[in-house]
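Here is a friendly set of questions and answers to read beside the model. Keep the view open and follow along as we go.

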Amino acid sequence: GEFDELSPLKWADKLITTIAAPRQLIVYQGSRHSVGGPAANLGPSPQSYAADWLLARCAGESFPSERWFVEASGRVTKTAV
């Protein structure tokens, strides 16, 4: 979440930019560590997305390195990492 108290966003952003392998970071606006609220309700479901992501990786599917910002409206803005 944007206001994650256990893994502050500045450190998550730093980590995601130092990893050389394909990576993805999804940030939910206004959410804390236990992602919830409007962004999680109206945007991609965190639990479903994680399950689908893992299934795709196990199937050998590739993905672009991206940072997603999920707004409270559910709108997703994707930027390259």
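Q: Which exposed residues does the face of H1 turned away from its buried side carry?
A: This is a predicted model, so the answers here describe computed coordinates. Helix H1 spans residues 9-18, and a residue counts as exposed when its relative accessible area is over 50%. On the face turned away from the buried side of H1, the exposed residues are Lys10, Leu15, Thr17 and Thr18.

Q: Over what arc around the axis do the buried residues of H1 spread?
A: The buried residues of H1 are Leu9, Ala12 and Ile16. They sit on the same side of H1, because the arc they cover around the axis is only 60 degrees.

Q: Which strands do the buried residues of H1 pack against, and what angle does H1 make with E1?
A: The buried residues of H1 pack against E1 and E2. H1 thus lies on the sheet, touching E1 and E2, and its direction relative to that of E1 is about 160 degrees.

Q: Which residues make up the largest nonpolar core, and which element gives the most to this core?
A: The largest nonpolar core has five residues: Leu9, Ala12, Ile16, Leu25 and Val27. Helix H1 and strand E1 (24-28) each supply at least two of them. With three residues, the element that gives the most is H1.

Q: Which residues does Leu25 touch, leaving out those up to four places away in sequence?
A: Leu25 belongs to the largest nonpolar core, together with Ala12 and Ile16 among others. Both of these are touched by Leu25. The full set of its contacts, sequence neighbours up to four places away left out, is Ala12, Asp13, Ile16, Glu66, Arg67 and Trp68.

Q: How many of the residues of E1 are buried?
A: Across the 81 residues of the chain, 26% count as buried. E1 is mostly covered, and its buried residues number four of five.

Q: In what order do the three strands form the sheet, and which of them stand at the edges?
A: The sheet is open, with mixed pairing, and its order is E1-E2-E3. Each edge strand has a single partner, so one side of it is left without a neighbour in the sheet; these edge strands are E1 and E3.

Q: By what angle are neighbouring strands of this sheet turned against each other on average?
A: The sheet is made of three strands. With direction ignored, the average turn between neighbouring strands is 15 degrees.

Q: Do E1 and E2 pair in the parallel or antiparallel sense, and which residue is the bridge partner of Tyr28?
A: Five bridges hold E1 and E2 together, and the sense is parallel. In E2, the bridge partner of Tyr28 is Val70.

Q: Which residues of E3 stand opposite Glu66 and Phe69?
A: Strand E2 covers residues 66-70 and strand E3 covers residues 76-80; they run antiparallel and are joined by five bridges. Opposite Glu66 stands Ala80. Opposite Phe69 stands Thr77.

Q: Which residue takes a positive phi in the hairpin of E2 and E3?
A: The hairpin has five residues between its strands. One of its residues has a phi near 95 degrees, and that residue is Gly74.

Q: How far apart in space are Gly37 and Ala72?
A: Gly37 is found in the loop between E1 and helix H2 (38-42). Gly37 is partly exposed, at a relative accessible area of 31%. Along the sequence, Gly37 and Ala72 are 35 residues apart, while their C-alpha to C-alpha distance is 7.8 Å.

Q: What distance separates the C-alpha atoms of Pro64 and Val81?
A: Pro64 lies in the loop between helix H3 (46-58) and E2. Pro64 counts as partly exposed, with 49% relative accessibility. Pro64 and Val81 are 17 residues apart along the chain, and their C-alpha atoms are separated by 8.8 Å.

Q: What is the radius of gyration of the chain?
A: The chain holds three helices and three strands, in the pattern α-β-α-α-β-β along the sequence. The globule rule gives 12 Å for 81 residues, and the chain comes close to that, so it is as compact as a globular protein of that length, with a radius of gyration of 13 Å.

Key. Residues numbered from 1 in each chain as written. Predicted model: local features only at pLDDT ≥ 70, side-chain atom pairs only at ≥ 80, totals over all residues. Heavy atoms only, no water. Core = buried A, V, L, I, M, F, W, Y, C linked by side-chain atoms within 4.5 Å. Buried < 20%, exposed > 50% of the residue type's maximum accessible area, 1.4 Å probe, protein only. Helix = DSSP H or I, 4+ residues; strand = E, 2+ residues; numbered from the N terminus. Contact = heavy atoms within 4.5 Å. Pairing = 2+ DSSP bridges. Arc of directions from axis to C-beta. Axes fitted to C-alpha atoms, helices over the stretch in contact; angles between N-to-C directions. Rg over C-alpha atoms; globule rule 2.2 N^0.38 Å.
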